[in-house]
Amino acid sequence: MKSFISPEYQNLMQVSTDNKAEYLEATPFPYIKFENFFCESFLNQVLNEFPDLSKENSTQFNNSNERKFAGKGEASFGVQTRSLMHFLNSEPFLEFIQSITGIEEKLLGDPYFIGGGLHEIKRHGLLKIHADFNKHKLTGLDRRVNVLIYLNKNWDQEYGGNFELWDADMTECGARILPIFNTLVIFTTTDFSYHGHPNPLNCPDEMSRKSLALYYYSNGRPRSELNSITGDHSTLFRETHPNSKAGNNLLNTTKLVLKNITPPIITKVASKIKAYLKA
């Protein structure tokens, strides 16, 4: 652990004790930011082995809601990155996350890095405001906490890419965090913890917005964190423009309700008919 974390943060449980109140009282939902959390020389090694995901065997998202690249688990990790990601799924760090978030249910890491791992966004890329998928697709566990580590040196404010946290009503951005090198962000994920960076990046072509993402899960969660209408869901994108917010939210909710009450056999038949008509 000493090779990973900066000297001032070596005692993780003390860090939790000192910062738990700030985390729980944060708005628009519980979160905290730590600057220079990791040993700089070590994190430089992680950055140096970060691949160009546009040229790797990665997952590409290219639609109106998200334009980004995501690595495919450990296959995308270099030696130092793998060491760091394993540590972030280890007992000492799990206990730290458990303590600072105040979550009562026992937290578990994700060795499969489903949806997590390496993320990269190029110039003009974006990730609109959203709530995350709420169930692990392999284990069925409940998603509770996100950890983000930013790897962007010489990142100017004018490049954009701020990590934005929005309130549950989507009326106000409660916090913006510049994604600069060696910034650690921890936040509680619920059906109402809306976040992202909705505006296209304005960085030079030779630069990109790089980050590491880890998600933590539990078996069960408080009902207050769930949207009873949507149930289990994938990523829920929300509209930030005030003039279209109401209509967009109603449409998204209607689609989710119909999806949840429609028998799977009808959905499959409808998909086949749609594909046939397009042929």
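Let's start with Gln 10, which sits in the segment before α1 (12-25). This is a predicted model, so read each contact below as a feature of that prediction. The side chain of Gln 10 is buried or exposed, would you guess? With a relative accessible area of 16%, Gln 10 falls under the 20% cut-off and therefore counts as buried. As for a partner, the Gln 10 side chain reaches the backbone oxygen of Ile 5 at 2.6 Å.

Now for the charged residues. Side chains of opposite charge can pair when their charged atoms come close. How many salt bridges does that give here? The count comes to 13, and a few of them are worth a walk-through.

Take Glu 120 and Lys 122. These two form a salt bridge, with 3.5 Å between the closest N and O atoms. Their surroundings can be read from the accessibilities: Glu 120 is buried at 2% relative accessibility, while Lys 122, at 25%, counts as partly exposed. The pair also belongs to a network of salt bridges that links Asp 52, Lys 55, Glu 120 and Lys 122.

Next comes Arg 123, whose salt-bridge partner is Asp 205; here too the closest N and O atoms are 3.5 Å apart. Where do the two residues lie? Arg 123 is in the loop between β4 (117-121) and β5 (126-131), and Asp 205 is in the loop between β10 (194-197) and β11 (209-218), so this salt bridge ties together parts that are 82 residues apart in sequence. Asp 205 is exposed, with a relative accessible area of 64%, whereas Arg 123 is partly exposed at 30%.

Another salt bridge joins the side chains of Arg 143 and Asp 132, at 3.2 Å from N to O. Arg 143 lies in strand β6 (residues 142-150) and Asp 132 in the loop between β5 and β6, so the pair connects parts that are eleven residues apart in sequence. Both Arg 143 and Asp 132 are buried.

That leaves the cysteines. A disulfide is a covalent bond between the sulfur atoms of two cysteines. How many disulfides does a search of the whole structure find? The search turns up zero. Cysteines are present all the same, and two of them can be placed by accessibility: Cys 39 is partly exposed at 23%, and Cys 203 is buried at 0%.

Methods:
Residues numbered from 1 in each chain as written. Predicted model: local features only at pLDDT ≥ 70, side-chain atom pairs only at ≥ 80, totals over all residues. Heavy atoms only, no water. Salt bridge = Lys/Arg side-chain N within 4 Å of Asp/Glu carboxyl O. Buried < 20%, exposed > 50% of the residue type's maximum accessible area, 1.4 Å probe, protein only. Helix = DSSP H or I, 4+ residues; strand = E, 2+ residues; numbered from the N terminus. Disulfide = S-S within 2.5 Å. Polar contact = N/O pair within 3.5 Å; in protein donor to acceptor, adjacent residues only side chain to side chain.
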